Amino acid sequence: MREAMADQDVLVCDSGFNQIWGGQCFDVRSSGRCYLGPRGFGVMGYGLPAAIARAMTTPDQTVYCLIGDGGFAMVIQELETAVRCGVNLTIVVMNNSGMQFIQDNQRLFFGGRLISTAFSELDYAAIARAFGCHGIRVETSGKLDAAFAEAAASPKTTVIDVHVDNSAVPERTSLQSFR
């Protein structure tokens with residue numbers, strides 16, 4: 001994702017594993033607020049509304065939103081806001097059909113007892129198209145570059161729905177600072 005972005009582009013992360021991966025892998029290459037995340041607040045669902053606001057207030061910058069499927073599902077109605085306001089924004093949904101950050105904590109602190117953290121797989125690209133956005137579904141990593149190029153060519157809000165294996169977790173050393 002960072003390779004597809006220009007130096008001055010902005011990344012807005014939601015809370016969860018997507019924020020940890022964003023922090024681990026996103027190199028800030030220019031001055032200013034090019035990386036935004038909920039950090040101390042840890043509020044799920046922050047990413048999309050924050051990215052829309054950033055895109056509306058700095059139309060000269062390209063904004064990307066990295067969000068998990070749980071957080072995205074909480075605020076998906078904001079796609080209507082992005083479309084109505086003509087926001088050019090790329091939303092990357094890490095779709096693993098569950099709230100993996102919460103599941104990881106349940107495994108660690110509750111003996112592996114998982115409660116209300118897995119759900120049916122949804123095609124967020126199709127849902128995005130129903131809202132009037134451009135929607136792209138990516139099921140293999142080899143298709144990511146083409147998806148980012150297609151999103152960059154689109155004049156409207158684009159949702160890239162990326163299938164992520166639900167066993168993928170960030171490096172454990174990075175997780176220690178979140179506990």
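**Exercise 1. List the order of helices and strands from the N terminus on.**

Solution. This is a predicted model. Start at the N terminus and read along the chain: β-α-β-α-β-α-α-β-α-α-β-α-β-α. Then check the totals: the protein has 8 helices and 6 strands.

**Exercise 2. Work out the strand order in the sheet, and find the strands at its edges.**

Solution. Step one: the 6 strands form an open sheet, in the order β2-β1-β3-β4-β6-β5. Step two: the pairing is parallel. Step three: look for strands with a single partner. These are β2 (35–36) and β5 (134–138), so one side of each has no neighbour in the sheet.

**Exercise 3. Over how many bridges do β3 and β4 pair, and which residue is the partner of Tyr64?**

Solution. Strand β3 covers residues 63–68 and strand β4 covers residues 89–95. They pair in the parallel sense over 6 bridges. Now take Tyr64: its bridge partner in β4 is Thr90.

**Exercise 4. Describe how helices α2 and α7 lie on the sheet.**

Solution. Begin with α2, residues 47–57. This helix lies across β1 (10–13), β2, β3 and β4, and runs at about 175° to β3. Go on to α7, residues 144–153. Helix α7 packs on the sheet and touches β3, β4, β5 and β6 (158–163). Its direction makes about 175° with that of β5.

**Exercise 5. Which hand has the unit made by β5, α7 and β6?**

Solution. First, the strands: β5 and β6 pair in the parallel sense over 5 bridges. His134 stands opposite Thr158 in β6. Next, add the helix: β5, α7 and β6 make a β-α-β unit, and the unit is right-handed.

Technical notes
Residues are numbered from 1 along each chain as its sequence is written. This is a predicted model: local features need pLDDT of at least 70, side-chain atom pairs count only at pLDDT 80 or more; totals for chains, interfaces and linings use all residues. Side-chain values use heavy atoms; hydrogens and water are left out. Two strands pair if DSSP finds at least two bridges between them. Helices (H or I, at least four residues) and strands (E, at least two) are DSSP runs, numbered from the N terminus. Contact means heavy atoms within 4.5 Å. Axes are lines fitted to C-alpha atoms, for helices over the stretch in contact, and angles run from 0 to 180 degrees between N-to-C directions. A crossover is right-handed if, with the strands pointing away from the viewer, the path from the first strand over the helix to the second runs clockwise.
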